Amino acid sequence: MKMKVLVCAALLALAGCNAPVSQSVADSQRPPSSDVRQNFVNIVFKRTYRHEAGEVVWARISSVVLLDPEKKIYAYCVRIVPKRGWGDWAYLGVSFTDGKILGATVNDDRCHDKRLRYYPFPEMNGMKT
């Protein structure tokens with residue numbers, strides 16, 4: 001838990017407390033790879049969140065953007081609609097480097113950036129943990 005808090009604090013410092021992303025970051029978008037998708041399911045969702053079986057009814061994953069070129073830190077967002085809150089989105093902003101997740105921010109404001117493209121994320125639909 002202590003490590004997670006430190007990583008999140010570092011991410012917030014790096015990201016400027018969820019400030020809107022710059023145009024250069026938005027321009028770096030690329031679709032999420034299958035590795036990015038699977039890494040989220042295996043590491044972030046299954047280990048961090050304890051949803052009931054089949055709770056996720058609809059999910060989207062954003063493009064991957066380059067947050068920090070020097071440190072090669074990338075980020076993406078995941079939007080989830082839980083079964084109990086149909087119509088209510090849950091947003092999670094995730095940063096990573098070299099395939100390792102650095103941190104995640106619930107309801108990250110940057111996930112609402114209209115320039116960010118989202119893709120279907122069927123791996124999350126009906127998620128069982």
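These legends walk through several views of a predicted model.

**View 1. The whole chain, with three helices and six strands.** Welcome to the predicted model. Start at the beginning of the sequence and follow the order of the elements: the pattern reads α-α-α-β-β-β-β-β-β. The chain has 129 residues, and 43% of them count as buried.

**View 2. The surface and the contacts of the chain.** The accessible surface comes to about 7500 Å², and carbon and sulfur atoms account for 57% of that area. Now look at contacts between residues at least 6 apart in sequence: 64% of these join residues at least 24 apart.

**View 3. Phe 40 and Phe 121, one of the four aromatic pairs in the structure.** The ring centres of Phe 40 and Phe 121 are 5.9 Å apart and the planes meet at 50°, so this pair is tilted. Phe 40 belongs to helix H3 (residues 34-48), while Phe 121 sits in the segment after strand E6 (118-120). With these positions 81 residues apart in the numbering, the pair links distant parts of the chain. Both Phe 40 and Phe 121 are buried.

**View 4. A cluster of aromatic rings.** Step back from Phe 40 and Phe 121 to find their companions: ring pairs link these two with Tyr 74, Tyr 76 and Phe 96 into a cluster. The structure holds four aromatic pairs.

**View 5. Arg 79 and the ring of Tyr 118.** Here a charged side chain meets an aromatic ring: Arg 79 lies over the face of Tyr 118. The distance from Arg 79 to the ring centre of Tyr 118 is 4.1 Å.

Technical notes
Residues numbered from 1 in each chain as written. Predicted model: local features only at pLDDT ≥ 70, side-chain atom pairs only at ≥ 80, totals over all residues. Heavy atoms only, no water. Helix = DSSP H or I, 4+ residues; strand = E, 2+ residues; numbered from the N terminus. Buried < 20%, exposed > 50% of the residue type's maximum accessible area, 1.4 Å probe, protein only. Contact = heavy atoms within 4.5 Å. Areas by Shrake-Rupley, 256 points an atom, 1.4 Å probe, with all protein chains shown as cover. Phe/Tyr/Trp six-rings, centres within 6.5 Å; stacked < 30°, edge-to-face > 60°. Lys NZ or Arg CZ within 6 Å of the ring centre and 35° of its normal.
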